[in-house]
Each structure stands twice: as structure tokens, then as C-alpha cells.
Amino acid sequence: MKAKQSDRTTPGRIERVEPPCWWAGMNTPLQIMVYGRDLKGSRVTVSGGGLTVRKVTYGDSPDYLFIDVDIPGAGAEGRYTFEITKGGDRRSFEYEILKRRRGSASRRSYSSADLVYLIMPDRFADGDPSIDSTPDTAENANRSKPDGRHGGDLQGIIDHLDYLVDLGVTTLWLTPPQLDDEPEASYHGYAAADYYKVDPRFGDNELYRELVRQAHRRGLKVIMDAVPNHCGTAHWWMGNLPMKGWVHDREAFPASNYRLAALTDPNASPEDFRQCYEGWFAPSMPDMAIENPYVLQYLLQVYVWWIEWADLDGLRVDTFPYNEKYAIARWTRMLLDEYPNLRIVAECWESSPAITSYWEGASPNADGYSSNLPSVMDFPLQSAFSSGLAKDSEGWNDGVNAIYATLAHDFLYADPLSLLIFLDNHDISRFADDLGGNVERIKLGLTLLATLRGIPQITYGTELMFRSVDTSLGDVGARIDFPGGWKGDRRNLFTGKRRTKKETDVYRHARKLFNWRKTSRAIHRGRTMQYLPHRNSYAFFRYLPGEAVFVFINGSDQPRPVEWDRYTERTAGFTTGTNILDGSTVRVGRELTVPARSSLVVEFKKQ
């Protein structure tokens, strides 16, 4: 493979030590990767008492060592000196073992009681214009380029945390904050140049940790976007890989076939199977060979380190099935061995509920495979949201029937409450684009997002019906800047300055639903009973003993009556409820009509 860049070492120096530090009392074993000129054949010792060098492995490159270290447990905190000797050459590095936070292993994570808000830091708010471009990174800021860097950063997110709290958000998902140093389109963060370093155009590692602290003070959780499948061509090791089989390199650019069906198909060609996970996701994203035990350990430690160091509350895993599937299952299992309550939700981008359910860890797959994942992203339901609400249709699989039919596949999932549900995200078109900017239909989608089973996730600005700057640009056009996040912006949608009437209408609808949702046990963990759609209207209940939420979605262009007689099995024992959207009292059995393209949400509780 022809490397994009070369990373030459300096004689007599240790260039890198990863992970940068570790903690006493961890279940995850420590394997330190050391990089420097001509380390092969060196002897490694550690002084300071407590730590033991159990094993030293030399890379295929002479410039790498892998040091397996035994840590006796709590009480081993302190600084240690590792000495590396070869002939007359002696080098050393300091390494710190830290004290672990109380209760770190048993940390709680996000759940179906939460609302996840997805932010692309570069597109959200520019809190520190002085770092929009930096001398040690390849791409400078240029807001006029749709796929360029625009200057958003971590400070910009900190500055607007109160906006998110007021909206009803409880959890933040940031696209990867680590350094992405590609010369173009580096803003998204998915092509890591350094797994342990925050991109300096976002801030630094300490500012990332401060963002988490500030979020926690406001009752917000933070999850990291993990990318074990690929790094970037600008990664520091690409000019001198540690060993053969560190990345998949079958051709000059061995593209994936992107067919997840090949990974679940019992009749798939072995070559199709391999090409899906061994192929590169994009030319700028070398495919990590996670089935290599050293790569697996490296990528495990990366995310254990970030969880521990920044005090994170969970992970979202990018392109999960594009990893070798048995190795990524081991990676997931080892993370959960360290953090048993951690929520890990994975991107398994597939419109088939059957294939999506295959990747849910508890699914009873015929081949015995388990990903060990607690949660997956519900792409089939997202597709149904967009197609089902886009127009008034009473077809068998059209209109709200599409949503009903998708939810009817919940028998495939071991735990439908664990699925991450969403109207859109950073990789697909904006929900408002799919619905042609129709306010009423957008509000229907927000009602469904707030009330259906699963963990709801909203993309930044969907609460304000953000639309693409240019739909022909695909996801690039959808990743717009949040107006008001940059000094000099004509409008400030964070504060409401110059919001349009339509934006205000959608925002108020979302805010009311999301804040109410925080208090509803029936929504968080209740069962679902849905009713066959009729004339493009759709009704369902979320319920627990003694309480229920009734949701009526009228997707048609005509008013539709609530036919109470259809719902007696769920309304029995209730006489009145509260209309969440306007605060009025709703009486069971009393005539009630839901206007065209609008929704009704009624909360019932037994006294």
C-alpha cells in the first residue's frame, strides 16, 4: 500500500505512548503501544514498584513495542518509569496510573427515558473563533464551502447547553471530537488522525472533559461517537504501520460492497462476505483489521480510556457491521465487562427489520451469532416515518400504514424499548426536506418520536424544521450551520430572534412534547398496543398498570373522529385524561374530532 504520508521517527526518542495513562482497579488489561526509532529487540523494565511487565511484543515495523502490563489493583496509583534498553541505547518514558472515580464501573447510562440530541460540533456554534484554523492542521475554516470547516467547536456547545435543557434534551451525542486531519471535508471527524487527541479546531482534551462536566451539572448525559471500523489516511501511523494486518489492504482502494445482507445471508458467497467488512468505507478511511488481536486491544483501550477520562455516559458506534463481526462482538463484550450498565447503540444502516434485528445482541439468531449490543439504530422505522408522513395515502403499505407495518415487526426484536428511533440524522436527508417543509406533517413526526417505543434521537435543528441548503449535495447539504451560532449571523434561532412563524410553531410543539416526555413512565417503559390504521389515521397506546398514553395520528387531509369503541380494552377504568398538547380535559366516550394532519396525545392516570 502506498502511504499518504510518512511519519519518521527521531533516533533516541520515544515519539508516542498510547494510551496516555491508565487507572488502577480496571478489568480491561493494559497493553501500552510505544513508538520510536528502532525499538525491535529492546528490553523493557519498569521502576517505581507495583507494576509488572508481563510480555513485550515487537511489531513488524522495527519502531513499535507492545508492552503488556500487570497492575496489582487499587493502591497502585502513581507515576512509573519504563526503561527501554537496546545495546548501548537507553530510553525511558513516564507513565501514570490514576485513581478511578468511585462507582465508575457501575455508571448508569442513557435509556428510553432519555432524549438524545445529535450535534456536529463544526456546524453548531463557534464559541472560540481564534481556533477556527490552526497552524498544525491541514484544512482551514471556510464557511462558504458546504463541505469545508465552518468553525463550530466545543465551547460553542457549552455556551448553548441551557438551550438544550430548555428544549427537553437529556443526552448529547456529538459526532467524533477527535482530530480529523484530512485536507478536505475534515469537519465530520470520522477519519481519525489521532484517536487520543481532540481536534484543536474544536478545542482540546481538557475542554472536552469540561463540556462533559458542564453537561452533568445540568443533568445532561454525554455519549461519544466511536469509530472502530476505520481511521483516516492522515492518521499518524499510516506512513509506518505497526504490523502487517493492521489495516485491510487488498487493493489500491478496496471499496466495501456496502451490502449488509451479505453478512447475515446463510447462502452468501465468502468473497461477498469478506468484501463487505474488509473493503474500505471511503478512500480517505483505511479499514481497521479489528480481528487482529493487537488492533482489537488498541481500539478497546481507546474507548475505555475516553469513558474513564472524560466520565462519559455511553457510546454510539459508527458502521458497526463493517467490522469483522466476531471481533467487533468481542470488542463490545469487553466494554460491557468493564461497564456492565453502559448503553452502546450501533449504526446498522439497513431498511429491513429482519437484518436490523440480527445485530441486536439478545436476538436469537439461527447461526448463534450475538453482537453483544444492548441497542441498535432503528433505520426501518426512520424510513417509515419519512415515507408514511410525506403524503395522504390509504394504500396497504402507504401513509401511516407504513409506520404501523414497521412496528408490527417488533416480534423480531428482543427489546424494542432499546432501539434508537429518529426522524433523521447527519447521514441522511433532513426530515423537513422529506416532507416538503410541511409544518403539520413535521409536527406529526415529532409526536411519534416523543411517544413511540425506544430511545428518541433528534438531530440538531430538527426542532426548528431545518432544511438542506442544497438537496443535490446529499448529506453535505443537510449539515447546515445553526443560525445564531456565529458572530454576525442575521438570525439567532437559539434565542428566537427572527424565527419564522412556522419555525416557532414546530419548536413549541417539540419543546412541549419533549419536556412532558421526561415525566411519563408509560412512555419510558410501557408496552405498546397499536390499532390498524383507518383512512390514514393511526392510533396506539403506551401503557402500564394504572396509567396510559393514547396517541392519535391523523395523517389525512380531512378531520377524523376518535372512535372510542375501538379502544375499550385500553380505556377501561379511565374516565378522563389530559390533552398534553393543549392542557384540556378529554373524556372517554365523548365525541372528539382530530383536525386534518394533526395529532392528539392524551395521558390517563388512575387516581
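## The parallel sheet

Thr-171 has Lys-221 of β13 as its bridge partner, and this pair belongs to the four bridges that join strand β10 (residues 171-174) to strand β13 (residues 221-226) in parallel. Helix α4 (residues 205-217) packs on the sheet and touches β10 and β13, contact being heavy atoms within 4.5 Å; the direction of α4 makes about 145° with that of β13, where axes are lines fitted to C-alpha atoms, for helices over the stretch in contact, and angles run from 0 to 180 degrees between N-to-C directions. The model is predicted, with local features requiring pLDDT of at least 70 and side-chain atom pairs counted only at pLDDT 80 or more, whereas totals for chains, interfaces and linings use all residues. Residues are numbered from 1 along each chain as its sequence is written, and side-chain values use heavy atoms, with hydrogens and water left out.

The open sheet is formed by eight strands in the order β16-β15-β14-β13-β10-β9-β18-β17, with parallel pairing. Its edge strands, each paired on one side only, are β16 (375-376) and β17. Helices (H or I, at least four residues) and strands (E, at least two) are DSSP runs numbered from the N terminus, and two strands pair if DSSP finds at least two bridges between them.

## Strand β18 and its neighbours

Because five of the five residues of β18 (residues 455-459) are buried, this strand is largely enclosed by the rest of the structure; buried means under 20% relative accessible area, exposed over 50% and partly exposed in between, with a 1.4 Å probe and protein chains only. Ile-455, Gln-457 and Thr-459 point one way from β18, while Pro-456 and Ile-458 point the other way.

Strand β9 (residues 116-119) runs parallel to β18 and is joined to it by three bridges, with Val-116 standing opposite Gln-457. Strand β17 (residues 420-422) is likewise parallel to β18 and joined by three bridges, and here Ile-421 has Pro-456 as its bridge partner.

## Pockets

The largest pocket holds about 460 Å³ of space. Of the 22 residues lining this pocket, His-188, Met-285, Asp-427, Asp-475 and Arg-479 are the closest to its centre. On a 1 Å grid over the protein atoms alone, a pocket is an open set of points with protein on both sides within 12 Å along at least five of seven lines, a cavity is a set where a 1.4 Å probe fits but cannot get out, and lining residues have an atom within 4 Å of a point. Grid points are joined across faces, edges and corners, and a volume is the space filled by probe spheres set on the points.

The second largest pocket has about 230 Å³ of space and is lined by 15 residues, with Leu-581, Pro-595, Ser-598, Ser-599 and Leu-600 nearest its centre. Two or more lining residues come from each of α13 (439-451), β25 (593-594) and β26 (598-605), and β26 gives the most, with three.

## Cavities

Two cavities of 30 Å³ or more are present, and the largest contains about 80 Å³ of space. Strands β19 (527-534), β20 (537-544) and β22 (560-561) each supply at least two residues of its lining, which includes Leu-532, His-534, Tyr-538, Phe-552 and Arg-560.

The second largest cavity, of about 30 Å³, is lined by Asn-425, His-426, Arg-430, Thr-459, Tyr-460, Asp-475, Ala-478 and Arg-479.
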